[in-house]
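Please read the following report alongside the sequence and the model, which are shown directly below. It deals in turn with charged pairs, a helix, a single serine and enclosed space.

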Amino acid sequence: MISAADHECMARALRLAERGLYTTAPNPRVGCVIVRDGAVVGEGWHQRAGGPHAEIAALQAAGDAARGATLYATLEPCHHHGRTPPCDEAVVAAGVRRAVIAMRDPDARTAGAGIARLQQAGLEVETGVLENEARELNVGFVARLTHGRPWVRVKLAASLDGKTALADGTSRWITGQAARRDGHHWRARACAVLTGSGTVRADDPWLTVREVGTARQPLRVMVDSALAVPPTARIFESGGVLVVHAGAARAKIEPLRAKGIEVIALPDGRGRVDLPALLRELVRREVNELHVEAGATLSGALLQAGLADELLLYFAPCVLGAGARGMFELPLLSDLGARHNLRIRDMRMVGSDLRMLARLEQR
């Protein structure tokens with residue numbers, strides 16, 4: 001029987017899991033709380049891949065007090081040997097009496113087997129407590145393990161009339177400092193940041209995380225079909241960059257490789273980069289969340305191909321007019337039934353700008 005206290009303890013475990021928001025990739029963000037006789041005797045969270053899982057950290061903190069206790073975990077304890085031993089066996093060995101689990105692990109190596117192991121050992125197991133919240137915290141991990149591609153979040157900053165730049169490409173700065181700082185938090189939680197050659201040529205960005213204290217920088221990925229971006233661009237000033245082209249000449253590839261930049265070809269046969277193939281490549285590299293900061297061409301291509309999952313939109317309180325550049329380059333519609341529908345999940349003010357988080361309703 002699930003109680004109000006169970007919800008409170010799971011909410012605490014979720015807050016612990018959030019502490020690993022920027023650090024656990026490619027692993028999921030997981031928190032764990034151990035309660036005995038109504039008191040918390042141990043808690044922990046997964047901090048980084050290769051480090052102790054949340055359950056192990058909480059069990060170590062609880063010590064002997066874990067015997068006969070209730071364990072709250074935001075994700076099913078793992079059943080497989082990976083970088084660390086399986087957590088389900090550690091829970092059983094500690095003598096935990098009851099386990100409350102938010103969601104099952106989508107990893108096929110566990111996928112219910114962890115829960116089954118606990119039940120076989122005689123533990124009372126409850127599942128589904130704050131499951132939606134746990135799933136949202138690991139939306140990218142779930143997407144990669146379930147659908148075979150990263151969770152793709154497209155971020156754009158625009159005026160109230162949906163314009164991202166003036167006709168000449170000038171875009172600094174449409175939104176305010178608070179919105180730009182908030183955008184760095186979303187960069188920091190992603191495994192990779194994707195941009196296009198047009199954005200790099202126009203803005204010469206670093207695309208690094210600078211407003212958030214984190215030791216981990218996401219992989220920066222640039223789509224540059226013809227390798228038109230010069231090797232002197234700021235994005236190449238530090239490591240951790242992947243350039244994807246559609247079959248450029250060796251003379252353009254070698255200067256980039258000489259700077260230590262990884263360059264791969266993923267042609268679609270029409271002179272462009274194969275975007276579904278790119279997402280598969282990023283899954284191979286264990287990318288959970290892909291944060292897109294690109295112009296109308298690449299953003300529109302992802303949207304049109306059904307590869308965008310979520311839009312992160314910042315609207316500034318201004319109007320730029322019909323001649324300014326739009327948010328998405330998309331085919332002309334003749335039927336409203338072909339529009340891209342959104343489900344708004346969150347709206348809030350960030351400084352003087354409006355931030356909207358919306359999900360694509362896949363057709």
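The structure holds 27 salt bridges, a salt bridge being a side-chain nitrogen of Lys or Arg within 4 Å of a carboxyl oxygen of Asp or Glu. This is a predicted model, in which local features need pLDDT of at least 70 and side-chain atom pairs count only at pLDDT 80 or more, while totals for chains, interfaces and linings use all residues. Residues are numbered from 1 along each chain as its sequence is written, and side-chain values use heavy atoms, with hydrogens and water left out.

**Charged pairs**

Three of the salt bridges are set out here, with the separation of the N and O atoms in each.

| Basic residue | Acidic residue | N to O separation |
|---|---|---|
| R109 | D107 | 2.7 Å |
| R153 | E289 | 2.9 Å |
| R359 | E310 | 2.8 Å |

Burial is stated here as relative accessible area, where buried means under 20%, exposed over 50% and partly exposed in between (1.4 Å probe, protein chains only). In the pair formed by R109 and D107, R109 is partly exposed at 49%, whereas D107 is buried at 9%.

The salt bridge between R153 and E289 has a buried residue on either side, since R153 has a relative accessible area of 2% and E289 one of 1%. R153 belongs to strand β6 (residues 151-159) and E289 to strand β12 (residues 289-292), so this pair ties together parts that are 136 residues apart in sequence. Helices (H or I, at least four residues) and strands (E, at least two) are DSSP runs, numbered from the N terminus.

R359 and E310 are joined by a salt bridge as well, and here R359 is buried at 8% relative accessible area and E310 at 1%. Because R359 lies in strand β16 (residues 353-360) and E310 in strand β13 (residues 310-316), the pair ties together parts that are 49 residues apart in sequence. Salt bridges that share partners join R29, E136, R153, R189, E289, E310, R345 and R359 into one network.

**Helix α10**

Helix α10, spanning residues 275-284, is mostly covered, with seven of its 10 residues buried. The buried residues in α10 are L275, A277, L278, L279, E281, L282 and V283. At the start of this helix, a side-chain oxygen of D274 comes to within 3.1 Å of the backbone nitrogen of A277. Just after α10, E286 takes a positive phi of about 65 degrees.

**S197**

S197 is placed in helix α8 (residues 197-203), and its relative accessibility of 15% counts as buried. Leaving aside residues up to four places away in sequence, S197 touches M222, V223, D224 and V229, where contact means heavy atoms within 4.5 Å.

**Enclosed space**

Rolling a probe the size of a water molecule over the atoms shows where empty space is left. On a 1 Å grid over the protein atoms alone, a cavity is a set of points where a 1.4 Å probe fits but cannot get out, and its lining residues have an atom within 4 Å of a point.

How many cavities of 30 Å³ or more does a search of the whole structure find? The search finds one, and about 90 Å³ of space lies in the largest cavity. The lining of the largest cavity comprises 18 residues, of which T24, N27, R29, N288 and E289 lie nearest its centre. By class, this lining has seven nonpolar, seven polar and four charged residues. Among the residues nearest the centre, R29 and E289 also belong to the salt-bridge network.

Notes. A polar contact is a pair of N or O atoms within 3.5 Å; within protein, one must be able to donate a hydrogen and the other to accept it, and residues adjacent in sequence count only if both atoms are side-chain atoms. On a 1 Å grid over the protein atoms alone, a cavity is a set of points where a 1.4 Å probe fits but cannot get out, and a pocket is an open set with protein on both sides within 12 Å along at least five of seven lines; lining residues have an atom within 4 Å of a point. Grid points are joined across faces, edges and corners, and a volume is the space filled by probe spheres set on the points. Ala, Val, Leu, Ile, Met, Phe, Trp, Tyr, Cys and Pro count as nonpolar, Asp, Glu, Lys and Arg as charged, and the others, Gly among them, as polar.
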